[in-house]
Amino acid sequence: MTAHAIEMRELSKRFGGGRSLFGKPRHTIDAVKSVSLDLRRGETLALVGESGSGKSTLARMLVGLETPTSGSFAIGGRDASGLRRDGPRAFGKMIQYVFQDPVASLNPRKTVRDILESPLALLNGYAPSRRRVRMQELLDAVQMPADTLERYPHEFSGGQAQRIAIARALAADAQILVLDEPVSALDVSVQAQVLLLLRDLKTRFGLSYLVISHDLAVIEAISDRVAVMYFGEIVETAPADRLFADPEHAYTQRLVASAPRIRRE
């Protein structure tokens, strides 16, 4: 078994190009430029940078929502091109995306039961009796009561909705979670609770996290290693403690100097 959950090699994504309907050349944007980066098994790797630096585009490629322009990557030792040929479900079994806005990411017309049952049935093929047991296990894991199943997303606070979104990701039994700004939409009083929950789930289920954020205070609190992204490129990668204590790249130095600090527990 490979020691890496994700392996990226010269991964790039370009938008635009070609010609418009009127024959004019379209501008191109290199959102991600030749990124080579590994996520180790059991690790929390943070990908940080300002808005527009390419973080979310990179994440969307990793979960199959965007196709790379060039380069390659592997998930759990499987080349992504093979996963793409196998269809979206192949990605869903390997890696799951937790979106930035928890309420918007949940279908408002479906109950939590429907939301959790879909991946259990479609990705794992669980029988109805097994699905019922597993749904209760998932709610227990994210510390939500049993009556959650019969309620709709709009009935929950942002923190509760994020717990449900995390439970949905866990329902696929994927070992890798991509967390896109996992607490930015939450009240400050709730952020710490969700971060502690993520730490507990990582240990309990042996998960690997890729956390995308522009908030270095959050990253300092939960990450093992940090990769800094600037205009589509990785400009620095280091263990979290070392990066915050002694950043090397000028851009990282500016980020660290401007960020509020959180003392690690």
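A salt bridge is taken here as a side-chain nitrogen of Lys or Arg within 4 Å of a carboxyl oxygen of Asp or Glu. In the predicted model analysed here, the side chains of D200 and R204 meet this criterion, with an N to O distance of 2.9 Å. Because D200 and R204 lie 4 residues apart in helix 7 (residues 188–205), about one helical turn separates them. Both partners are partly exposed, D200 with a relative accessibility of 32% and R204 with a relative accessible area of 47%. Elsewhere, R130, R134, E137 and D173 are joined into one network by salt bridges that share partners. A search of the whole structure finds 15 salt bridges.

A further group of charged side chains is centred on E43, which counts as buried at 6% relative accessibility. E43 forms a salt bridge with R225, in which the closest N and O atoms are 2.6 Å apart. This pair links distant parts of the chain, since E43 is placed in the loop between strand 2 and strand 3 (44–48) and R225 in strand 9 (residues 225–230), 182 residues apart. R225 also counts as buried, at 8% relative accessibility. The side chain of E43 additionally meets that of R40 in a salt bridge (3.8 Å, N to O), and R40, at 42% relative accessibility, counts as partly exposed.

Strand 2 (residues 28–40) also holds V32, a residue that is buried, with a relative accessible area of 1%. Leaving aside residues up to four places away in sequence, V32 touches L11, S12, K13, G54, T57, L58, M61, M229 and G232. By contrast, the C-alpha atoms of V32 and L122, which are 90 residues apart along the chain, are separated by 32 Å.

At the level of the whole protein, the secondary structure comprises 10 helices and 10 strands. The radius of gyration is 19 Å, close to the 18 Å that the globule rule gives for 265 residues, so the protein is as compact as a globular protein of that length. The C-alpha trace spans about 50 × 50 × 40 Å along its principal axes. Of the contacts with a separation of 6 or more, 69% are accounted for by residues 24 or more positions apart, and 49% of the 265 residues count as buried. The accessible surface comes to about 12,900 Å², of which 50% belongs to carbon and sulfur atoms. The protein carries 35 positive and 31 negative charges, whose mean positions are 6 Å apart.

Technical notes. Residues numbered from 1 in each chain as written. Predicted model: local features only at pLDDT ≥ 70, side-chain atom pairs only at ≥ 80, totals over all residues. Heavy atoms only, no water. Helix = DSSP H or I, 4+ residues; strand = E, 2+ residues; numbered from the N terminus. Rg over C-alpha atoms; globule rule 2.2 N^0.38 Å. Buried < 20%, exposed > 50% of the residue type's maximum accessible area, 1.4 Å probe, protein only. Contact = heavy atoms within 4.5 Å. Areas by Shrake-Rupley, 256 points an atom, 1.4 Å probe, with all protein chains shown as cover. Lys, Arg positive; Asp, Glu negative; His and termini not counted. Charge placed at Lys NZ, Arg CZ, Asp CG, Glu CD.
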